[in-house]
Amino acid sequence: MSAPPKLQRLREMTNALPVQDFEDEDEEEGRGGIRNCESSVPEVRNHSAILRPTPIRNLNGAQGPPSHSLPASHSILSLLTNSIAMKLKTIEDLLHHELKDLFSAENQLVKALPKMAKAANNSELQEGFEEHLEQTKTHVERLEKIAEILDIKLSGMTCKAMKGLVEEGAEMIDEDAETHVKDAGLIGAAQRVEHYEIAGYGTAKALALQLGHDDVADLLEETLDEEKDTDAKLTEIAEAVLEEHHAEG
Ligand SMILES: [Fe+2]
Ligand SMILES: [Fe+2]
């Protein structure tokens, strides 16, 4: 396959880019989504043909780029990869990352839970959501306290997983369903949220303990216990909702 004109010009200018070699590598590894995308977008293909070898090799943990390619420092993707690696260089960095994620998650929930409460038909479920909203505000405050202890900022990050979970909750709110079915669906969405939080707080607590931040770990454990309690309460309410419907039927 002949190289596109731009790439051909670049090759002539640098005399250092054996594009055919890269294409051969792709043939061995199979044609992934990136390559398919490049095939249909010539401009992207031209650039990524230059950038591709270095980041892939680094991400795979293999030896550095071949001597005939551009140095790693010339690759934008490689710079990006390095900057991420630098941010999470230590377990302390990872703890801060986890806390930022949780801070974003909790703040998203402060906005979402009133909508869940409004959509709930069962009064116990409605109260459960309202009660957990108040707890969630406390969770945000605890994280702010932790940020003070560790002297870090928690803003500036979006928890994409919670964004997705909240979107799924919103879809359930909009479903045209029987009351008990809607309630059971809302509980399912809420429990997915709780399990995500339980995983996040469990991880953060373990990291804090590992780093000797016992005061931080205690605060995280308080929230972790409340998330577990909420999850258990939701299970109880779900059983009550379904049994009630069964008895009525
Ligand atoms: Fe929470
Ligand atoms: Fe929660």
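1. A good place to start is with how the chain folds back on itself. Among contacts in the protein between residues at least 6 apart in sequence, 65% join residues at least 24 apart. Please keep in mind as you read that this is a predicted model.

2. Next, the overall make-up. The secondary structure comes to eleven helices and zero strands, and reading along the sequence gives the pattern α-α-α-α-α-α-α-α-α-α-α. Of the 249 residues of the protein, 30% count as buried.

3. Now to the interior. The largest nonpolar core has 39 residues, and those that touch the most other members are L99, M116, L186, I187, A204 and L220. Two or more residues come from each of α7 (91–119), α8 (123–150), α9, α10 and α11 (214–248). The largest share of this core is that of α7, with ten residues.

4. One of those core residues is worth a visit on your screen. I187 is among the members that touch the most others. Leaving aside neighbours within four places in sequence, I187 is in contact with L125, L234, I237 and A238.

5. The pairing of α7 with α10 deserves a closer look. The axes of these two helices come within 10 Å and cross at roughly 155°. Because of that angle, α7 counts as roughly antiparallel to α10. The crossing in which α7 passes α10 is left-handed.

6. Which residues meet where α7 and α10 come together? On the α7 side they are I91, L94, L95, E98, L99, D101, L102, A105, L109, M116 and A119. On the α10 side they are L186, A190, V193, E197, G200, Y201, T203, A204, L207, A208 and Q210. Sorted by class, the contact has 16 nonpolar, three polar and three charged residues. L99, M116, L186 and A204 take part in this contact, and these four are also among the core residues that touch the most other members.

7. Finally, a stop at a loop. E175 is found between α9 (160–174) and α10 (179–210). Is E175 buried or exposed? E175 counts as exposed, because E175 has 12 C-beta neighbours inside 10 Å and the cut-off for exposed is 12 or fewer.

8. The same loop residue also has partners further along the chain. Leaving aside neighbours within four places in sequence, E175 is in contact with K182 and G185. For the pair E175 and G185, the separation is ten residues in sequence and 9.3 Å in space, taken from C-alpha to C-alpha.

Notes:
Residues numbered from 1 in each chain as written. Chains lettered and ligands numbered in written order. Predicted model: local features only at pLDDT ≥ 70, side-chain atom pairs only at ≥ 80, totals over all residues. Helix = DSSP H or I, 4+ residues; strand = E, 2+ residues; numbered from the N terminus. Buried ≥ 20, exposed ≤ 12 C-beta atoms within 10 Å, placed from the backbone. Contact = placed C-beta atoms within 7 Å. Core = buried A, V, L, I, M, F, W, Y, C linked by C-beta atoms within 7 Å. Axes fitted to C-alpha atoms, helices over the stretch in contact; angles between N-to-C directions. Parallel < 35°, antiparallel > 145°, perpendicular 65-115°, else oblique. Left-handed = near helix turned anticlockwise from the far one by under 90°. Nonpolar A, V, L, I, M, F, W, Y, C, P; charged D, E, K, R; others polar.
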